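Visitor: Please pick one enclosed part of this structure and look at it closely. What lies around such a part, and how does the rest of the chain go on from there?

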Amino acid sequence: MTFGNSGPRRATLSPGGCPMPDVNRLLFRMTEAGDDGFLIAAALIDERGEIVGQQRWERSLSRKDLPVIPELGDAGEAVITQVGAELGALLTGGGLTVAWEQGAERLIFDIRAGDLAELPWEFLTNPRDKSLFTRKEQPALRARVPYRRMLDDVDVPINVLVVVGDDEATEIDYQGEIEAIYRGLRGAPCCWHVEAVVKPSEQQLRDRFDDVRPQVLHFIGHGHTTEGGAALRVMADSGEWDLNNRFVARALEGNTDLRLVVLNACRTATVTPAMRGLADRFLEEASAVVSTQGDVTSRAAIVFTERMYHELAHGKAIDSAVAAARDDVQFTPELPDSAWGLPVLHVADAPETILRHRKKWQLDDVIVKFGELAEVVSLVDRTAIRRAVHRRDSGLLLITGNNKVGKSLVLRSYLLTKLVGGAPAVYLSLRASTSTGDFVREVILQAKRWLDPWAGEICDDALSVLSGPPSGPVMLAFRPEDAFQDIDPNYKILQDFLRRLALHAPLVLVLDNLRRVLEREPLFHGLLKPAAVRELGAVRVVAAMDPSDLSDLVSEDALRPRAIRVQPFRRKDAEMLARELVARFPLDPGDDDVQARWQQVRSEMLAWAEHMATQDGEFLPLELQQRRDSLLQDAGLK
């Protein structure tokens with residue numbers, strides 16, 4: 001077997017002139033050789049999965065050389081260790097021994113022979129009895145190389161769509177797994193949005209795909225074999241149906257960039273050719289698939305899920321995240337000895353790029369600098385609203401709703417996402433009634449605080465002009481569709497100031513409690529209307545203000561497309577919301593006593609929410625947070 005021409009080499013040169021990759025990536029390619037044999041060939045590859053250098057290491061095997069693998073579900077540590085050693089022996093005999101001396105920092109298994117693909121390589125150990133698939137510093141994965149693509153970075157927020165196929169199966173703790181996703185991502189609440197749907201119909205899930213456009217699809221349920229191949233079973237109230245890659249392909253219709261599919265469904269990687277092929281077919285639509293090669297307990301799935309998402313939220317590559325998750329499972333007491341090796345990761349695109357997302361600042365650094373954003377960690381649900389705020393293509397967007405409904409948290413979540421992603425953004429929350437001049441001055445002062453030092457001179461110039469003698473009203477150019485209006489000179493200064501800032505980069509101006517500006521007509525004509533019709537350049541204004549506050553100046557119908565209304569929570573959703581809130585709470589692990597008191601808080605919080613869910617009507621987010629804080633205080637945790 002030959003590897004063929006690897007194309008243009010992108011590797012650097014060693015002092016001896018030999019091509020060397022920036023990071024040593026060791027490939028093991030496994031193919032059939034004749035009727036009863038296999039060839040395992042090793043080589044170094046670059047970040048694109050292309051061969052570098054001229055060195056090759058090979059070993060031929062016959063079918064009788066393959067180990068007999070017992071059922072691993074209930075296997076003990078001794079059996080697991082033996083299986084790992086036997087798999088390791090396949091890769092260390094013959095000419096492959098030298099391959100392990102290359103100091104590889106990533107191991108890639110390109111398995112093209114069906115019999116070899118069925119082997120549980122995830123239990124592989126090296127000659128020093130080290131589990132290779134649990135090492136996040138030297139991750140190992142299955143892939144077909146060269147990789148299909150080197151992907152562009154993902155813009156935050158990353159959207160995760162969780163699909164629960166069956167909420168009644170006793171062996172599936174779907175609520176526990178969803179909570180694990182929230183816990184894993186709580187270090188990046190604004191950068192990852194999670195939406196769960198339980199037992200949807202085909203049309204309901206298709207609508208969710210169209211709305212969410214997920215980068216991550218996470219399925220919790222069961223897989224089974226059908227005449228058309230393996231599929232995931234969805235027990236919808238309207239009738240059972242099968243979720244497979246064909247459904248995903250139709251639902252996506254080119255509208256999203258699906259990077260990762262997680263199939264927490266029993267035996268979605270192996271056992272039968274049909275089930276093994278399920279993960280492969282999902283890989284046609286996604287960049288990476290995590291599946292299982294055995295029956296994974298709910299507890300193991302929860303441990304694995306939390307750590308994997310934690311690593312992804314902190315910028316780790318998918319293979320490193322999966323390795324760290326396996327390691328957590330391996331060292332969690334009371335889990336089956338084999339549980340850590342059952343998850344299987346298979347990638348089609350370069351693993352370092354699959355969920356790499358643009359982050360200029362670390363979330364903790366932003367919150368330390370701007371303390372008013374700390375409460376964003378208490379924001380639950382609201383994923384649909386937050387998506388709409390990010391996606392609505394308008395120069396002006398009004399966040400509306402009744403008092404205490406959570407408008408400020410929606411604004412701050414949007415602001416935090418922008419800041420972490422590196423977008424220039426300015427935030428102003430008006431605490432009291434404010435005159436026009438004071439409002440404009442405060443916007444400029446807050447710009448000096450929120451923007452990088454580059455904005456300091458622009459802010460100082462604007463403050464100097466604002467403090468100078470008045471220049472009189474400025475007339476808008478006449479347009480037939482508008483009345484002839486005067487602009488307050490303060491707003492003329494503000495407009496010029498915002499345009500100058502936007503020359504540096506597109507700017508977001510987030511304004512909370514905007515109704516506290518006393519003079520509404522100058523505000524409308526001097527800021528809101530120019531923003532709406534894009535007269536401020538690359539400036540977007542997102543503000544908490546109800547269209548009715550401007551009804552004497554413009555029709556509410558005209559503003560409705562530029563408004564998003566925040567509704568109270570439904571009482572019937574209280575348990576789901578409470579589970580998310582406690583899962584996102586940033587509790588220091590502490591000692592056993594702290595953990596015991598926290599578990600008591602959690603139990604009482606869920607009991608309160610379960611009782612509320614039996615009632616009709618609505619409630620405010622503040623009630624949820626106050627109940628949590630009261631329980632924390634009673635437990636001595638606040």
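Guide: Contact means heavy atoms within 4.5 Å. Helices (H or I, at least four residues) and strands (E, at least two) are DSSP runs, numbered from the N terminus. This is a predicted model, where local features need pLDDT of at least 70, side-chain atom pairs count only at pLDDT 80 or more, and totals for chains, interfaces and linings use all residues. Residues are numbered from 1 along each chain as its sequence is written, and side-chain values use heavy atoms, without hydrogens and water.

The part to look at is helix H17, residues 574-584. Nine of its eleven residues are buried (under 20% relative accessible area; exposed is over 50%, partly exposed in between; 1.4 Å probe, protein chains only). The helix is therefore largely enclosed by the rest of the structure. Among the buried residues of H17 are Leu 577, Leu 581 and Val 582. Charged names also appear in that list: Arg 579, Glu 580 and Arg 584 are buried in H17. The cover over these buried residues includes three helices, H3 (174-185), H18 (592-612) and H19 (621-634). Strand S23 (569-570) and strand S24 (618-619) belong to the cover as well.

From the helix we turn to a sheet. Five strands make an open sheet in the order S17-S20-S21-S16-S22, and their pairing is parallel. Two strands pair if DSSP finds at least two bridges between them. At the edges are strand S17 (425-429) and strand S22 (563-565), each of which pairs on one side only. S17 runs parallel to strand S20 (residues 507-512), and five bridges join the two. Within S20, Leu 509 stands opposite Val 426.

Another set of strands can be followed residue by residue. Strand S6 (residues 106-111) and S7 run parallel, joined by three bridges. Leu 107 stands opposite Ala 140 in S7. S7 also pairs with S15 in the parallel sense, over two bridges. In S15, Val 347 is the bridge partner of Ala 143.

In a regular strand the side chains alternate between the two faces of the sheet. Strand S7 (residues 140-143) shows two directions: Ala 140 and Arg 142 point one way, Leu 141 and Ala 143 the other way. All four are buried. Phe 109 is in contact with each of these, namely Ala 140, Leu 141, Arg 142 and Ala 143. Its other contacts, leaving aside neighbours within four places in sequence, include Phe 28, Met 30, Leu 91, Leu 124 and Phe 133.

After strand S15 (343-347) comes a loop that leads to helix H9 (363-369), and Thr 353 has its place in this loop. Thr 353 is buried, with a relative accessible area of 1%. Leaving aside neighbours within four places in sequence, Thr 353 is in contact with Met 150, Leu 151, Asp 152 and Arg 259.

Last comes confidence: pLDDT is the predictor's confidence in each residue, from 0 to 100. The protein chain has a mean pLDDT of 87, and 91% of its residues reach 70 or more. Residues 1-21 have a pLDDT below 50, yet this stretch has 36 contacts in the model beyond near neighbours in sequence. Residues 474-484 are also below 50, and this stretch has 15 contacts beyond near neighbours in sequence. Where pLDDT is low, the predicted coordinates should not be read in detail.
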